[in-house]
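User: Hi! I am new to this and would like to learn how to read salt bridges. Could you walk me through some?

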Amino acid sequence: MAQSYDYVIVGAGAAGSVLARRLSEGRQASVCVLEAGMLDRSPYIRIPAGFVKMLHHPAFMWPYKSEPAEYTASRAIALPQGRLVGGSSSINGLVYSRGQAADFDDWAAQGATGWSYREVLPYFKRGERRIGPGDDQFRGRSGPLPVTDCDWPSVLCEAFIRGSAELGIPRNPDYNGASQEGAGYFQRTIHKGRRVSCANAFLHPAVREGGVDLRLHAPAECILFDGTRAIGVRYPHGEVYARREVLICAGTLNSPRLLQLSGIGPGTLLQQLGVPVLKDLPGVGENLRDHYTVRIAARAKDASSINQASKGWRLGLEIAKWMAGRPSILGLSPSLVHVYWKSRAELKRGDLQVLFTPGSYKEGQAYVLDDFPGMSCGARKQRPESAGFVRARSREPAAAPLVQPNYLAHESDREVTLAALQLARRLMRTNAMAQYFVQETLPGPQVRSDDELLDFARRRGSTAYHFIGTCKMGSARDRMAVVDPNLRVYGTRNLRVVDASVMPQVPSANTLAATVMIAEKAADLIRAAAPQGPGSS
């Protein structure tokens, strides 16, 4: 016999973890969470540097790839996504970055009423526990998710920040505060050297309190409806029913696919798949966006880089330090320093980002460190205009979706990416960096002209894993909107999408912080719609 709960949540990633905790608090509602993957027990999860062991491991990831595209040299780019409890927050780069205040004002102006910066700031604050300096007007101190500063000393990082100041880019001690622009250290979701995923911070405490039934290896196959009212979810082991609402938190690449397989999406696509059309919503799966990132690298000297510390007896020392709770390379995020800046001086707000790491990777190998001392920079546009799509390939739920990000298709994306790469090169060659810089190894001094550098970007750039937009939030007047500002799927009842897929545009940042904020705000919206009084469940 199928069980029923007040809420059924599809996906135990960042958003699903937050929702499960907030909706079950005080045992006011019963919650079932369906997670396609495994429990987050691997020791590599708690070790921040352990992400390199998981990033392409099929046990932890959805092994998706992009379709070849013109502006990325006809490559199929790996687009892995977390498939385990905690989702991508269990395997990501650990950076906590909200974005610019104007990002969320843009959302509101585009039809996401109620999502301006002033209106979402309380939800950013509610989710975080800022450990370190910061203006409490902007920062939260008592939330479940710890946000800390880098504790690993690096002369390379300090030189890079001093070099930024040479170019007129000031040090900013808190880019999540009053203003984002400037250079400084990334804040991260690491506490006492250990990764803190959203599962650690939100979901597991809720499960222990007894209000959440977490079901593993339970990929959702389709949403069950009574007319247009969502009543439950089918998965390989049976069906589970929702007395109040079904909440889709499967992520930007999987949430639209689940809607499409359930009869909600572009009518022509559904007909091609042989799926009965419940609601023709042309925006489902469209508006896919991501930060396309290009890395340059250089050989270093006279300074300790992560490359050296990760070899031989030095690695043994780093392991011992990490186990003793001391600063160690095992407790680092992949990128340590940020530069948020403008491609042109006349712009009112920053439009590019450079990331610095006191380490470098072997050419063509994902996160395999070079054998010599090195350092590297990532470069990207903050708010890309290029948009792609996600589409189910067949009615078979296990079939990987067709994913086409269309990276660099928009001319402005190519222009700003080029400007970001040029800035990264200048930052590597400042006076402050001169005593450590030997030579550029990637793309190398032979790449000189703008056309050559842009060609390098086309051939070597990749995903930042910041997928958004495929269940876009917007007003009823927006034909491509999938959910309304309360995150309810248009044309249905008791069905919401709550994850990064609802973002109308990429924030000028990594997407974890904004995803947690969305789920925090969604919890209030959902509770406000719940029936009140005795026996309401």
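Analyst: Happy to. Keep in mind that this is a predicted model. Let's begin with one pair: Asp413 and Lys381 join their side chains in a salt bridge, 2.8 Å from N to O.

User: Which elements hold Asp413 and Lys381?

Analyst: Asp413 sits in helix H12 (residues 411-428) and Lys381 in strand S21 (residues 374-381), so the bridge ties together parts 32 residues apart in sequence.

User: And is this pair buried or exposed?

Analyst: Here a cut-off helps: buried means under 20% relative accessible area. Asp413 has 4%, so it is buried. Lys381, at 11%, counts as buried too.

User: Which residues are joined into one network by shared partners?

Analyst: Salt bridges with common partners connect Arg22, Glu25, Arg126, Glu520, Asp524 and Arg527. Within it, Arg22 and Glu520 meet at 2.9 Å, N to O. Arg22 belongs to helix H1 (residues 14-24) and Glu520 to helix H14 (residues 512-529), so this bridge links parts 498 residues apart in sequence. Both Arg22 and Glu520 are buried.

User: What is the salt-bridge partner of Asp6?

Analyst: Asp6 pairs with Arg243, and their closest N and O atoms are 3.3 Å apart. The two are 237 residues apart, with Asp6 in strand S1 (residues 3-10) and Arg243 in strand S14 (residues 238-248). Asp6 is buried at 2% relative accessibility, whereas Arg243, at 39%, is partly exposed.

User: How many salt bridges does the structure hold?

Analyst: There are 34, including the Asp413 and Lys381 pair we started with.

Definitions and conventions: Residues are numbered from 1 along each chain as its sequence is written. This is a predicted model: local features need pLDDT of at least 70, side-chain atom pairs count only at pLDDT 80 or more; totals for chains, interfaces and linings use all residues. Side-chain values use heavy atoms; hydrogens and water are left out. A salt bridge is a side-chain nitrogen of Lys or Arg within 4 Å of a carboxyl oxygen of Asp or Glu. Helices (H or I, at least four residues) and strands (E, at least two) are DSSP runs, numbered from the N terminus. Buried means under 20% relative accessible area, exposed over 50%, partly exposed in between (1.4 Å probe, protein chains only).
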